[in-house]
Amino acid sequence: MASPVPVPVPGRGRDSGPVFSGVAPEVMEDTLMHLAAENERHLSALPEQAGLFKHTRIVEFIFLLSEKWRLDQPTRYQAVELLERFLIKQVEQVCDGRGSTTSRGQGQRSSWSSVRDHITNTFVLRLVSCVQLASKLSLHYSRVTSDTALTFLQSLKYSYTKQELLESELAVLNTLHFHINVSTPLAYVELLLEVLGYNGCLLPAKPLHQLCVQLLDFCYLTRETIYDTLLKTAIDNSTPSKLQIAKFLTVKEDFMLLAVGVISTGVFILSPGHWEQVVEHLNCITGITPQSILEFSYAVVRRIVGSTTPEQHRGTKSPEDRIPPQK
């Protein structure tokens with residue numbers, strides 16, 4: 001399938017960023033349908049552990065390591081999602097094993113403890129392997145070699161061999177059945193920016209893209225706080241029930257909503273005069289309601305500025321001001 005997002009022009013520097021207005025309308029339409037379907041499939045089969053391994057410290061580790069190795073933006077998100085999916089599969093396999101040995105008492109507990117210790121002891125190795133694999137999916141930059149990965153691990157006082165590193169990559173691949181090339185939220189953001197431009201939204205493409213990437217990083221790093229605010233805003237209650245929290249999992253894992261919220265917030269910050277128009281267009285493109293878009297933007301802006309509501313800019317209301325009272 002053709003690339004869903006703008007691609008760099010050959011010969012440009014590493015930081016030139018994507019080039020917009022270069023995708024045919026039929027490609028945009030097909031790719032948008034593909035991403036929407038992929039997102040729906042993902043949400044319809046969410047494991048109950050989804051999001052468990054997107055803790056701030058884990059995400060920060062991957063982001064810093066990607067920066068150290070000068071990897072492109074898609075790679076860092078791909079690595080986070082790879083590690084999450086791999087660790088969830090490991091937990092599921094352990095739980096399945098426990099379920100088939102429920103009558104083994106102490107032996108079962110000992111086995112679970114052993115597996116848990118193995119996951120803990122190999123965590124950094126698996127994380128590095130996920131970054132390596134993600135780098136190999138990138139078409140723009142050099143992949144992370146085994147020597148580079150080993151040098152980093154040795155700097156942390158790990159004594160893994162090259163063979164163990166290769167076996168770790170294979171373990172991730174086998175666990176995920178070699179299904180590692182999945183779309184990241186950045187793909188959704190870039191495609192939606194392309195569609196907005198095609199639909200006539202006069203937005204500063206490159207600055208907006210750069211800001212959206214920064215906001216996407218921010219959403220990954222402050223994930224729990226943002227979605228906690230979003231949940232409490234949506235239910236108009238500061239103490240959600242366990243059932244409401246469980247049902248909210250599909251919202252937290254919705255890549256299309258995340259992309260739409262990031263773009264809406266970026267436009268509000270960078271070009272507030274176009275904000276209402278962009279929200280309307282995003283609603284038409286994705287089917288996500290303006291209310292949901294505004295609530296997400298409010299959650300992000302509130303996290304950025306703290307508990308203070310942003311001042312009105314040239315008569316443009318903040319996301320909070322635009323959210324009508326819950327009925």
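## A tour of an all-helix prediction

Start with the whole protein chain: it has 16 helices and 0 strands. This is a predicted model, so colour by confidence before going further.

**Stop 1: the whole chain**

Select all 327 residues of the protein chain; buried residues make up 47% of them. Show the surface next. The accessible surface of the chain comes to about 17,100 Å², and carbon and sulfur atoms hold 53% of that area. Now turn on contacts. Among those between residues at least 6 apart in sequence, 78% join residues at least 24 apart.

**Stop 2: confidence**

Colour by pLDDT. The chain averages 85, and 80% of its residues score at least 70. Select helix 13, residues 255-270: confidence is highest here, at a mean of 97. Then jump to helix 16, residues 319-322, where confidence is lowest, at a mean of 45. Stay in this part of the chain and select residues 308-316. Their pLDDT is below 50, and the stretch has 13 contacts in the model beyond near neighbours in sequence. Move on to residues 318-327. Here too pLDDT stays under 50, and the model has 29 contacts beyond four places in sequence.

**Stop 3: Ser66**

Select helix 2, residues 56-68, and pick out Ser66. Is Ser66 buried or exposed? Ser66 counts as buried because its relative accessibility is 0%, and the cut-off for buried is under 20%. Which residues touch Ser66, leaving aside its neighbours within four places in sequence? Show Leu71, Arg76 and Val131: Ser66 is in contact with each of these.

**Stop 4: the loop between helix 7 and helix 8**

Select the loop between helix 7 (162-175) and helix 8 (185-198), and find His177 in it. Read its backbone: phi of His177 is near 55°, a positive value in a residue other than glycine. Most residues other than glycine have a negative phi. His177 is exposed, because its relative accessible area is 64% and the cut-off for exposed is over 50%. Step to Phe178, which lies in this loop between helix 7 and helix 8. Phi of Phe178 is near 65°, again positive in a residue other than glycine.

**Stop 5: the second largest pocket**

Which residues are closest to the centre of the second largest pocket? First, its volume: about 580 Å³. Of the 23 lining residues, the closest to the centre are His42, Pro47, Arg85, His179 and Val182. Show these as sticks. Now add helix 1 (25-44) and helix 3 (73-99); each supplies at least two residues of the lining. The largest share, 6 residues, comes from helix 3. Colour the lining of this pocket by class: 9 residues are nonpolar, 5 are polar and 9 are charged.

**Stop 6: the cavity**

How many cavities of 30 Å³ or more does a search of the whole structure find? The search finds 1. The largest cavity has a volume of about 100 Å³. To outline it, select Lys54, Glu81, Cys219, Tyr220, Arg223, Tyr227, Lys252, Glu253, Asp254, Phe255 and Leu258, which line it. Helix 9 (205-221), helix 10 (223-235) and helix 13 each give at least two residues to this lining. Colour the cavity lining by class as well. It divides into 5 nonpolar and 6 charged residues, with no polar ones. Finish with helix 13 selected: it helps line the cavity, and confidence in the chain is highest there.

Key:
Residues numbered from 1 in each chain as written. Predicted model: local features only at pLDDT ≥ 70, side-chain atom pairs only at ≥ 80, totals over all residues. Heavy atoms only, no water. 1 Å grid on protein atoms, 1.4 Å probe; cavity = no way out; pocket = protein on both sides within 12 Å on 5 of 7 lines; lining within 4 Å. Points joined across faces, edges and corners; volume = space filled by probe spheres on them. Helix = DSSP H or I, 4+ residues; strand = E, 2+ residues; numbered from the N terminus. Nonpolar A, V, L, I, M, F, W, Y, C, P; charged D, E, K, R; others polar. Buried < 20%, exposed > 50% of the residue type's maximum accessible area, 1.4 Å probe, protein only. Contact = heavy atoms within 4.5 Å. Areas by Shrake-Rupley, 256 points an atom, 1.4 Å probe, with all protein chains shown as cover. pLDDT = per-residue confidence, 0-100.
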